[in-house]
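Reader: I'd like a close look at one chain, please. Take it part by part, and give me the cut-offs as the terms come up.

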Amino acid sequence: MVLDKLGSSLKNSVRKIVKKGRIDKETVNELATDIQRALLKSDVDVELVQELTDKIKDRALNEEPPKGASSREHVIRIVYEEMLEIVGEETEVPMEEQDIMLVGLQGSGKTTTAAKLANYFQKKGLKPGLICGDTFRPGAYNQLKELSQRIDSVFYGEKESEDAIQVVKNGLNELKDSKVRIVDTAGRHSLESDLIDEMEQINEVVEPDKKFLVIDASIGKGVKDQANSFNEAIGIDGVIITKLDGTAKGGGALTAVSEAETNIAFLGTGEKLNELEEFEPDSFISRLLGMGDIEKLAQRAEERLSEEEMDMESMMKGDITLKDVYNQLESINKLGPLNQIMSMIPGGFNLPDDALDVTKEKMQIYKIIMDSMTEEEMKNPQKINSSRVERIAKGSGTTRESVNELLKYHKMMKKVMKQMKGGRTPMKKMMKKFMG
Amino acid sequence: MFDNLKKKINIFESKVKEKTQEKASEEKEDKEKTQEQKQEQEQEQERASLGQKAKKFVTERKVFLDEDDVEPYLEELKLSLLKSDVALEVSEKIVEKLESNLVGEEIKWRENSEKYVKKAFKEALIDVFPSEFNFFDFIEEKDKPINILFVGTNGVGKTTTIAKISKALEEKGYSSVLANGDTFRAGAIQQLDKHGENIDKKVIKHEKGGDPAAVIYDAVEYSEANNVDVVLGDTAGRMHTDVNLMDQIKKIKRVTKPDLIVFVDEAVAGSDAVERAKEFDEAVDVDAVILSKIDADVKGGAAISISHTIEKPIIFVGTGQGYEDIKEFNTDWFVGQILE
């Protein structure tokens with residue numbers, strides 16, 4: 001969980017509000033200043049920030065909290081809602097035949113993103129094709145070619161050609177069979193008018209269904225003019241933010257989004273080709289504010305608890321079954337792994353270090369293993385004896401070791417839950433306290 | 001290039017001037033008028049009206065500025081710096097410095113209030129730049145071959161910069177080889193190969209996935225044997241948060257013992273430039289900085305942020321995609337861009 005200094009200072013000022021019982025102007029101003037700092041550090045446009053904090057101030061001071069909601073909850077909600085206003089909705093990515101064109105500044109990560117997108121569509125069952133429309137940068141052809149081999153995608157490019165428009169034209173012809181054709185283009189900036197012309201021409205040739213502007217998460221205020229000129233030239237359908245695995249918060253992308261009146265489509269979170277995420281506004285906001293997934297957790301926890309997918313009550317008694325483990329794994333993307341949830345609960349527990357730190361890959365394997373178990377085994381894991389382990393391992397295509405590891409993991413969770421039960425505050429109450 | 005920042009500072013300046021004038025007395029209108037018009041051309045409506053106000057009062061007595069006089073304007077200026085991509089902490093420091101330079105000083109407006117403000121600002125600004133570093137003097141004096149290592153995050157333009165430096169060295173009469181230490185990124189080897197071909201320079205390389213330290217080591221040996229003056233070592237772009245890759249760069253430094261470590265970053269970067277400059281500096285103790293892509297309509301603040309944060313000189317700025325598009329960085333020139 002990323003809870004940096006900034007995040008905790010925000011949390012502190014939010015807490016101050018609770019302590020005071022009622023919201024006064026000073027506290028709200030303080031909170032607004034903290035948020036301002038957080039956003040300015042994240043490269044969000046200055047005017048955008050001022051507008052936002054003005055609104056937050058206004059609402060926090062003038063709006064009555066809804067019945068039953070604490071003032072703290074109310075303020076968090078306001079912050080969240082106003083942020084959401086700026087960040088915008090998530091972008092629907094249709095799973096159908098389409099042509100995609102990527103544009104952006106030099107070095108923003110277009111080529112890697114092109115391959116990531118191809119990988120993304122391929123995983124969804126749509127055959128991708130990559131076209132190298134970058135005839136300028138040395139190595140661009142080889143880079144995309146090599147990446148496409150890595151994900152086993154069709155590739156078209158002409159190594160010696162200098163005519164990007166012709167290459168793209170030929171590429172579209174060659175790759176008729178591909179369902180999703182992705183055109184990579186050379187990096188360019190708003191002042192390079194010949195390159196902007198070239199982009200417009202490629203745009204006319206491709207007639208893309210989606211035109212994504214690829215933006216480096218670390219970009220500063222210059223993004224405003226860049227986004228504007230790209231949008232004016234060809235019209236942008238969405239923004240892809242890259243290199244979010246660094247410390248950059250991607251605030252500049254918000255400016256691009258508001259300038260081009262579009263939404264964020266994807267986030268690039270690493271150099272590996274599967275490190276592309278669909279955009280989720282709430283977790284992005286958390287990242288911007290450095291707050292951790294507070295709002296998300298609050299919301300999701302509510303949803304989940306009410307759905308009784310995870311029986312917290314019985315879990316608290318230590319009656320944790322493999323089914324609960326399974327549900328937890330199922331909801332990893334929604335709620336976050338258990339160790340994250342734990343880390344967000346104030347007070348904290350004395351858990352052994354790394355005890356719950358199970359990698360995502362392992363979680364996947366665990367899930368597959370559990371898919372090979374019977375209902376009975378899921379409910380009563382103690383029934384799983386050696387021959388059952390053998391069967392499960394075979395059925396899931398894993399090893400006995402992995403199955404045993406899972407059983408061990410379950411036991412540990414059970415122990416942890418028991419430990420928590422020993423604490424004074426029941427889980428639900430804690431959750432509530434934490435959220436309010 | 002730094003139009004934005006420059007404009008903002010001029011605005012600030014006129015505001016401070018106004019304050020001095022306001023304090024002194026109230027009169028004299030025509031002289032202001034012309035200046036006001038000039039300002040109006042470059043400023044947004046809102047700014048212009050502030051400027052207008054600024055010019056309303058002109059007199060000639062001595063005044064002292066106190067904190068209340070400059071405070072509101074300093075806040076404005078801080079925002080202006082932020083808009084120009086100067087990182088928050090750095091903006092705050094500059095403004096603080098400026099405040100201490102201004103407050104309590106005696107100003108005779110008629111003679112020099114404008115000059116005075118500029119001077120105070122220049123001092124505050126120059127303060128963030130460490131002493132200059134003459135790259136070509138360094139090349140001249142150092143024992144050959146000189147091993148220069150280029151580091152930075154992904155996509156900032158390291159490989160292109162290396163090709164440009166090689167070309168610049170050639171013009172000054174020094175030979176160089178390019179060492180491909182980026183054994184990771186797809187197409188990186190071909191990219192440097194192609195550059196080498198274009199500018200007619202030898203490229204030392206290994207297979208993809210090889211040990212970058214070994215490549216650079218080989219390049220140094222090659223240079224010793226063939227009397228090459230400078231080894232330009234490219235490395236893979238890496239996120240400063242990637243522990244393994246940061247360890248790798250430390251290893252490259254340990255093994256190849258570079259004479260100069262250059263941190264390359266792009267001028268389009270925002271606040272994050274500070275973070276990564278810091279991380280790279282901590283990892284390998286950067287000697288100098290090159291800012292690329294300064295032609296891309298940038299705000300220019302990254303230069304200030306980086307210099308201030310790691311206190312290392314900027315030696316070059318990249319000004320375009322051609323091999324000759326590189327310019328020696330000069331603090332006076334840079335500050336001049338903002339103040340004149």
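Author: Happy to; here is a walk through chain B, with a short look at chain A at the end.

A word on the ground rules: residues count from 1 along each chain as its sequence is written, and chains are lettered from A and ligands numbered from 1 in the order in which they are written. The model is predicted, so local features need pLDDT of at least 70 and side-chain atom pairs count only at pLDDT 80 or more, while totals for chains, interfaces and linings use all residues.

Let's start with the division of the chain. Chain B consists of domain 1 (3-126) and domain 2 (135-331), with bounds from an automatic or database domain assignment. Between the two, eleven residues of domain 1 are in contact with 13 residues of domain 2, where contact asks for C-beta atoms, placed from the backbone, within 7 Å. On the domain 1 side, α1 (3-24) and α5 (88-102) of chain B each supply at least two of the touching residues. Helix α5(B) gives the most there, with three residues. Here helices are DSSP runs of H or I with at least four residues, and strands are runs of E with at least two, numbered from the N terminus. By class, that side of domain 1 has seven nonpolar, two polar and two charged residues. Nonpolar stands for Ala, Val, Leu, Ile, Met, Phe, Trp, Tyr, Cys and Pro, charged for Asp, Glu, Lys and Arg, and polar for the others, Gly among them.

Next comes the sheet. Eight strands of chain B form an open sheet with mixed pairing, in the order β5-β4-β6-β3-β7-β8-β9-β10; to pair, two strands need at least two bridges in DSSP. At the edges stand β5 (203-204) and β10 (326-328) of chain B, each pairing on one side only. Further in, β3(B) and β6(B), residues 230-235, pair in the parallel sense over four bridges. One place to look is B:L149, whose bridge partner in β6(B) is B:G233.

Two helices on this sheet deserve your attention. Helix α11 of chain B, residues 243-256, lies across β3, β4 (176-181), β6 and β7 (260-266), and runs at about 180° to β3(B). Helix α12(B) also packs on the sheet, touching β3 and β7 of chain B, with its direction at about 165° to that of β7(B). Such angles run from 0 to 180 degrees between N-to-C directions, and axes are lines fitted to C-alpha atoms, for helices over the stretch in contact.

Helix α12(B) has a helical neighbour too. Its axis and that of α13(B) come within 9 Å and cross at roughly 35°. The crossing is right-handed: the near helix is turned clockwise from the far one by less than a right angle, whereas anticlockwise would make it left-handed. In the contact, B:A273, B:V274, B:A277, B:K278 and B:D281 of α12(B) meet B:A302, B:S305, B:I306, B:T309 and B:I310 of α13(B). Those residues divide into six nonpolar, two polar and two charged.

There is a backbone detail to check as well. B:K144 and B:P145 are joined by a cis peptide bond, with omega about -10°. You will find B:P145 in the loop between α7 (135-141) and β3 (146-151) of chain B. For context, most peptide bonds are trans.

Now turn to the neighbouring chain. In all, 38 residues of chain B are in contact with 33 residues of chain A. Helices α4 (67-83), α9 (188-199), α12 (272-284) and α13 (301-310) of chain B each supply at least two residues of the touching side. The most come from α9(B), with five residues. This side of chain B is made up of 13 nonpolar, 14 polar and eleven charged residues.

Chain A has an open sheet of eight strands with mixed pairing, in the order β3-β2-β4-β1-β5-β6-β7-β8. Its edge strands are β3 (154-156) and β8 (276-278) of chain A, each with a single partner strand, so one side of each has no neighbour in the sheet. From one strand to the next, the twist of this chain A sheet averages 25°. Inside it, β1 (residues 98-104) and β4 (residues 180-185) of chain A run parallel and are joined by five bridges. There, A:M101 stands opposite A:V183 in β4(A).
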